[in-house]
Amino acid sequence: MNPNPLRHQNYTNFLATAKKASLVLILLVSTLVASADDFGRWFDGRTLRVDYIRRGNAAGDTIELSRFVEKSTAWSGSRTTLIDPFDNGDYRVSMIDVESGRTVYTKCYNTLFREYRDTYEAKHQSREFEEVVNLPWPQAKTLIVFEKRDDRQRFVKQASFVFSPRETAVEHVQQSAQVRDLLLNGPSERKVDIVIVPEGYGPNDDRRMRDDLRRFADYIFGHAPFASRHTDFNVRGLLLLGDEEGVSNPALGRKVESALGSTYGVFGSDRYLMTFNLFRLHDLLDAVPFDYIVIMVGADKYGGGAIYNFYATVSTDRMAPLILTHELGHSIGGLADEYVDPDLSYNSIHSSRFEPLEPNITALIDFGAKWRNLVAAGVPIPTPDNDTLPPTQCGPVGCYEGAGYQATGIFRPTMHCMMRDYAPYCPVCSQRMNDIFDLYTK
Ligand SMILES: [Zn+2]
Ligand SMILES: [Zn+2]
């Protein structure tokens with residue numbers, strides 16, 4: 001069913017937060033978080049970039065601050081929704097105004113480490129990973145708190161750093177990449193801003209890189225719900241050539257000095273094509289406002305991957321228009337893969353006790369919190385497969401067994417979907433994508 005399954009995101013067990021605890025939390029949060037029109041009270045419109053190292057293995061991980069950077073572009077995220085409304089992702093960064101104790105900003109995300117910790121290597125060996133978050137620049141002394149999910153799916157504090165706009169030393173990026181505007185529809189704070197970063201283009205590939213940037217910008221809008229909402233987006237590209245053409249591929253013994261140092265074969269998966277050089281990536285992005293990063297690898301060999309609120313990588317092979325749309329489902333929507341892949345299910349066995357965080361798969365533990373409201377009366381749950389339905393149609397919303405790599409115990413909304421087999425996005429996935437576009441534009 002899945003022509004080219006990638007090792008995009010793996011799903012470990014997530015524990016549902018106890019209802020009682022979440023009610024207390026909701027009450028607590030509602031009294032302490034900033035209200036929607038508070039942006040100017042807490043923030044001054046600049047962008048604070050935080051570079052840090054996450055070091056760890058399967059047993060656990062720690063965070064160490066590397067540096068604060070004043071990004072040279074204004075805050076591109078929402079000025080009206082400052083608290084992340086989606087309870088998705090394994091990590092969260094929060095900003096707490098020290099004087100008032102108020103939580104003034106939160107954002108959830110996933111990381112490359114999240115993939116690493118489930119590998120065989122991580123059982124024995126620690127590795128360190130560069131990570132970067134961009135935050136709105138605070139007006140006053142602020143605590144920046146990094147959290148991760150515990151084994152009951154609740155966020156627990158990992159580290160916190162004080163940032164004082166008048167006292168904390170900040171750095172500035174000296175050399176960023178040149179920016180090419182591909183689609184401009186309005187101010188960044190009211191648009192979904194996507195930046196495309198070319199990778200694997202050599203000194204003689206300038207023409208090809210520019211042509212590919214143009215094509216990729218068009219691919220973004222090839223499918224619903226992107227197509228009908230293209231005026232809600234800005235798309236920019238970096239002009240970026242490496243010292244050599246191509247990207248590294250350890251399986252072929254190939255080491256390439258590419259612009260971002262991306263490589264195939266990440267975590268032992270041939271087609272998993274990612275970069276670990278987050279600090280360099282964000283240095284290159286210093287002069288461009290963005291909400292989402294697409295790394296466009298100019299290579300014929302199929303490869304890629306995407307991580308929620310982190311970045312997506314897509315190679316320019318012939319499947320790129322579909323794969324880009326699929327990967328944006330992961331990196332923007334935080335959507336799960338809806339296909340079955342026994343090779344990937346080893347580290348993503350969903351417990352029968354807990355509901356996965358992703359909006360488009362369910363373990364039928366709390367289906368009411370997922371898409372039950374979209375299932376028509378009379379449709380049985382679980383819903384029997386309809387193998388005669390062509391994969392160009394999603395088919396009716398129900399609850400079909402087989403998703404999140406697992407053949408049993410995890411259910412998806414429709415027979416076919418962009419997140420399963422490159423059909424159109426199903427209504428559940430479309431809804432989440434639209435909700436996120438709204439967050440940046442409304
Ligand atoms: Zn995927
Ligand atoms: Zn879907």
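1. In this predicted model, Val294 is a useful place to begin, since leaving aside residues up to four places away in sequence, Val294 touches Ile194, Ile196, Val197, Phe216, Ala312 and Val314. Val294 also belongs to the largest nonpolar core, which has 81 residues, and is listed there among the residues with the most contacts inside that core, together with Ile194, Val195, Ile196, Val197, Ile295 and Cys429. Strand 11 gives the most to this core, contributing six residues. Another core, of 16 residues, lies apart from it, and among its members are Leu48, Trp75, Met95 and Trp137.

2. For a reader who wants the overall setting, the protein contains nine helices and 15 strands. Of its 442 residues, 45% are buried. When contacts with a separation of 6 or more are considered, 67% of them are between residues 24 or more positions apart.

3. Helix 7, which covers residues 320-331, has 12 residues and reaches 16 Å from its first C-alpha to its last, close to the 16 Å expected at 1.5 Å a residue. Is this helix mostly covered or mostly uncovered? Helix 7 is mostly covered, with 10 of its 12 residues buried. Those buried residues are Ala320, Ile323, Leu324, Thr325, His326, Glu327, Leu328, Gly329, His330 and Ser331. They pack against three helices and three strands, namely helix 5 (206-219), helix 8 (418-421) and helix 9 (427-441), as well as strand 11 (292-297), strand 12 (304-307) and strand 13 (311-315).

4. Helix 9 has 15 residues and spans 21 Å between its first C-alpha and its last, again close to the expected value, which is 21 Å at 1.5 Å a residue. Its buried residues are Val428, Cys429, Ser430, Arg432, Met433 and Tyr440. One of these, Cys429, is also named among the residues with the most contacts inside the largest nonpolar core. What covers the buried residues of helix 9 includes strand 9 (192-199), helix 7 and helix 8.

5. Turning to the strands, which partners does strand 1 have? Strand 1 (residues 43-57) is joined to strand 5 (residues 127-138) by 11 bridges, and the two run antiparallel. Within this pairing, Leu48 stands opposite Leu135 in strand 5, and Leu48 is also one of the residues of the 16-residue core. Strand 1 is likewise joined by 11 bridges to strand 2 (residues 60-71), also in an antiparallel arrangement. Here the bridge partner of Asp51 is Arg67 in strand 2, and strands 1 and 2 form a hairpin with two residues between them.

6. A separate point concerns an open sheet of four strands, in the order 4-3-6-7, whose pairing is antiparallel. Its edge strands are strand 4 (103-109) and strand 7 (155-163), each of which pairs on one side only. From one strand to the next, the twist averages 20°. Strand 3 (residues 91-97) is joined to strand 4 by six bridges, and Tyr91 stands opposite Tyr109 in strand 4.

Definitions and conventions:
Residues are numbered from 1 along each chain as its sequence is written. Chains are lettered from A and ligands numbered from 1 in the order in which they are written. This is a predicted model: local features need pLDDT of at least 70, side-chain atom pairs count only at pLDDT 80 or more; totals for chains, interfaces and linings use all residues. Two strands pair if DSSP finds at least two bridges between them. The expected span of a helix is 1.5 Å times one less than its number of residues. A residue is buried if 20 or more other C-beta atoms lie within 10 Å of its own, exposed if 12 or fewer, and partly exposed in between; C-beta atoms are placed from the backbone. Two residues are in contact if their C-beta atoms, placed from the backbone, lie within 7 Å. A nonpolar core is a set of buried Ala, Val, Leu, Ile, Met, Phe, Trp, Tyr and Cys residues joined through C-beta atoms within 7 Å. Axes are lines fitted to C-alpha atoms, for helices over the stretch in contact, and angles run from 0 to 180 degrees between N-to-C directions.
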